[in-house]
Amino acid sequence: MTTPQPATPTVRGPDAGEAGRKRIALLVIASCQLMVVLDITIVNIALPHIQTALDFSTTSLSWVVNAYTLTFGGLLLLGGRAGDILGRRRVFVSGVLLFVLASLLGGLAQSPGQLLAARSLQGVGGAIASPTALALITTTFREGPERNRAFGVFAAVSAGGGAIGLLAGGMLVEWLDWRWVLFVNVPIGLLIVLAVPRYIAESERHPGHFDLLGALTSTLGMAALVYGFIRAAQDGWRDAVTLASFGVAVAMLTVFLAVERRSRQPITPLHMFADRNRAGTYGMMLCLAAAMFGMFFFLTLFVQNVLDFSPLRAGLAFLPVSAVIAVGAGTASQLLPRFGPKPFMVTGALLSAAGLGWLTLTDVHSTYAGSILGPMLVFSLGMGMQFVSLTLMALSRVPHHESGAASGLLNATQQVGGSLGLSILVTVFGTVSAEEAERQVPAFLEQAGPAELLLFRRTGELPPPWGDEVLSAGVSAAFVVAAVLAVIAALIALFVIQVRPDDRERLSGGMPGPGS
C-alpha cells in the first residue's frame with residue numbers, strides 16, 4: 001500500500017494576487033499620467049468654441065494652452081522633490097485632487113481670466129502628480145523585465161496621450177460642450193484617488209527641504225523665454241517687449257543655475273548631468289518633445305482648416321498615432337534586454353525624422369490618406385521605440401531618495417521642450433506665413449468679390465484658397481525645423497549614449513541597482 005504524499009504547497013495564489021495588485025497599480029498610475037498628458041491637447045480642438053463662449057482675442061487664445069504647459073513644466077522639478085521628502089503616495093493623491101478641483105473650476109469659468117487661472121492651477125496639480133507617478137513605478141516594480149513592461153506602458157501613455165486627447169476633445173466638443181473637456185477629469189481623478197490607498201504602497205520619506213527659490217526662478221525664466229518666442233512671432237524680433245522677455249529669461253535662468261550650484265538640496269541635482277547617458281537622454285527628450293508637440297499642433301490646424309475636417313473627424317484622424325506608439329513601446333520594452341536601449345534610441349529618432357521630413361511635402365493638394373497618414377505612422381513608431389528607452393536611461397542608476405527628482409527632471413525636459421519647441425516652431429510658421437501672405441495678396445485682390453474684400457479688411461486674414469496656401473507654407477516650414485530637431489536627437493543617441501556592459505544585466509533583472 002502506497003503512503004499518500006502530502007500535497008506540495010503552491011505559491012500561485014499569492015503570486016497571482018501580487019501580480020493582480022501590481023497590474024491595477026500600473027493602471028492607476030498610467031491613468032493619472034494619461035489624464036495629465038492629454039489635457040495638453042484635449043483643449044486644442046475646443047479652442048474655437050472657447051474663444052466664442054468667453055470672448056477671447058485671437059492672440060490671447062494660445063494662453064489657454066500655455067497657461068497649463070508653463071506651470072506644469074516649470075513646477076515638475078518641485079513636484080518630484082516633494083514626493084521624495086513627503087512620501088510619494090501622499091503627494092500623488094494631493095496632486096490628483098488639486099488637478100480635479102482646477103478642472104472643475106475651469107469647466108465653470110465665465111471669463112478668460114477665470115479659465116486661465118484654472119488652467120494654471122491644473123498645471124500645478126499635474127506637476128505634483130506626474131513625476132510622483134513615474135517615481136512610484138520604480139518603487140512598485142522590480143528592476144528587470146517587470147519594470148521594463150511598466151515603463152513601456154507609461155511611455156506609451158506619455159507619448160500617445162496627445163493623440164488620445166485630440167480624439168477625446170473632438171468627441172466631447174461635438175457631442176456635448178467645450179466645458180466637458182475639463183469636466184471629464186473630475187470623475188476620472190476621483191476614481192484614481194479612491195484606488196490609490198488599496199493598490200499603491202507609501203514610499204519611504206527622505207529628510208530634506210524644498211528649493212522654492214529654484215522652483216520660482218526656473219518657472220519665471222522658462223515662462224519669459226517661451227513668451228519671448230510667442231511675442232516675436234506676432235510683433236517681430238525688434239519689439240521692445242520681445243527683447244525684454246528674452247532679457248528676463250536670461251537673468252532668471254542664470255540666477256536659477258547659481259541657486260542650484262549653492263543649494264545643499266537643489267530642486268535640480270546638477271550632478272545628474274555628469275552622467276553622459278542621462279544628460280544625452282535629457283537632450284533627446286527636449287528635441288523630441290518639441291517635434292511631437294509641433295506635429296500635433298500643426299496637423300490639427302491643417303486637417304481642420306485646409307482639409308475641412310470636423311472636430312470629431314480630426315480627433316479620429318489621430319487615433320492611429322496612439323496605436324502605433326503603443327506597438328513601438330511594447331516592442332521596445334520586450335527586446336531591450338536582448339539588444340540594449342541604444343539601437344532603439346537611434347532607430348526611433350531616425351524614423352521620427354523621416355516622418356517629419358515626409359510631412360514637409362504637405363501642401364494644399366495633400367490628402368489625409370495620401371499625404372498625412374503615412375508619415376504620421378512612421379513618426380509614431382519611432383516615438384514609441386524611443387520613449388521607453390529614454391525613460392529607462394534617465395532613471396537608471398538613480399538612488400531611491402533621488403528617483404522623484406530624476407522623474408521630475410525627465411518630465412520637465414519633455415514639457416519645457418514641448419512648450420519652448422512649439423513656440424520656436426510657431427515663430428517659424430508665423431514668419432513664413434507672413435511672407436507667403438504677401439505673395440498671395442495681389443492675386444486675392446484681383447479675384448476677390450466685394451464680400452471677401454470686406455471680410456479681409458475687417459480681419460486681415462485671407463480666405464480660401466489663398467489662406468490655405470499661406471497656412472500650408474507655414475506648416476511645411478515648421479516641419480522642416482521639427483525634422484532637424486529629430487535628426488539632432490538621432491545624433492545625440494549615436495554619439496553620446498554609451499551602453500555599459502552591466503546595463504543589459506539590469507534590464508534583464510540580473511543585477512540589482514540603486515533604484516531597484
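Select Val 480 first; this residue belongs to helix H19, helices being DSSP runs of H or I with at least four residues, numbered from the N terminus. The model is predicted: local features need pLDDT of at least 70, side-chain atom pairs count only at pLDDT 80 or more, and totals for chains, interfaces and linings use all residues. Residues are numbered from 1 along each chain as its sequence is written, and side-chain values use heavy atoms, with hydrogens and water left out.

Val 480 counts as partly exposed because its relative accessibility is 43%; the class lies between buried (under 20% relative accessible area) and exposed (over 50%), with a 1.4 Å probe and protein chains only. Next, add Leu 356 to the selection. Its C-alpha atom is 7.3 Å from that of Val 480, although 124 residues separate the two along the chain.

Now display helix H15 (residues 342–359) together with helix H19 (residues 466–495). Their axes come within 8 Å and cross at roughly 165°. Axes here are lines fitted to C-alpha atoms, for helices over the stretch in contact, and angles run from 0 to 180 degrees between N-to-C directions. H15 is therefore roughly antiparallel to H19, a label given to angles over 145 degrees. H15 passes H19 in a left-handed crossing, in which the near helix is turned anticlockwise from the far one by less than a right angle.

Keep H15 in view and select helix H16 (residues 368–395). This pair packs at an angle of about 155°, with axes 7 Å apart. H15 is therefore roughly antiparallel to H16 as well, and the crossing of H15 and H16 is left-handed.

Two contacts across the sequence come next. Select Ser 322, in helix H14 (residues 319–339). With a relative accessibility of 12%, Ser 322 counts as buried. Measure from its C-alpha atom to that of Leu 381: the separation is 9.5 Å in space and 59 residues in sequence.

Then move to Tyr 282, which is found in helix H12. Is Tyr 282 buried or exposed? Tyr 282 is buried, as its relative accessible area is 2%. The C-alpha atom of Tyr 282 lies 9.7 Å from that of Thr 391, a residue 109 positions away along the chain.

Follow H12 to its end and select Asp 308. This residue sits in the loop between helix H12 (276–305) and helix H13 (311–317). What is the sign of phi at Asp 308? Phi is positive, near 65°, in a residue other than glycine. Asp 308 counts as exposed because its relative accessibility is 63%.

For another helix pair, select helix H5 (residues 88–107) and helix H6 (residues 112–140). Their axes are 7 Å apart, and the packing angle is about 155°. H5 and H6 are therefore roughly antiparallel to each other, and their crossing is left-handed.

The last stop is on the surface. Select Trp 175, which lies in helix H7 (residues 145–175). With a relative accessible area of 56%, Trp 175 is exposed. Add Met 171, Leu 176 and Trp 180: with Trp 175, these residues make a nonpolar surface patch of about 440 Å². Such a patch joins nonpolar side chains (Val, Leu, Ile, Met, Phe, Trp, Tyr) within 5 Å, from residues with over 30% relative accessible area and no salt bridge.

Notes:
Helices (H or I, at least four residues) and strands (E, at least two) are DSSP runs, numbered from the N terminus. Patches are made of residues with over 30% relative accessible area and no salt bridge: like charges are joined within 9 Å, nonpolar side chains (Val, Leu, Ile, Met, Phe, Trp, Tyr) within 5 Å. Accessible areas come from the Shrake-Rupley method with a 1.4 Å probe; for residues, only the protein chains shown count as cover. A salt bridge is a side-chain nitrogen of Lys or Arg within 4 Å of a carboxyl oxygen of Asp or Glu. Angles under 35 degrees count as roughly parallel, over 145 as roughly antiparallel, 65 to 115 as roughly perpendicular and the rest as oblique.
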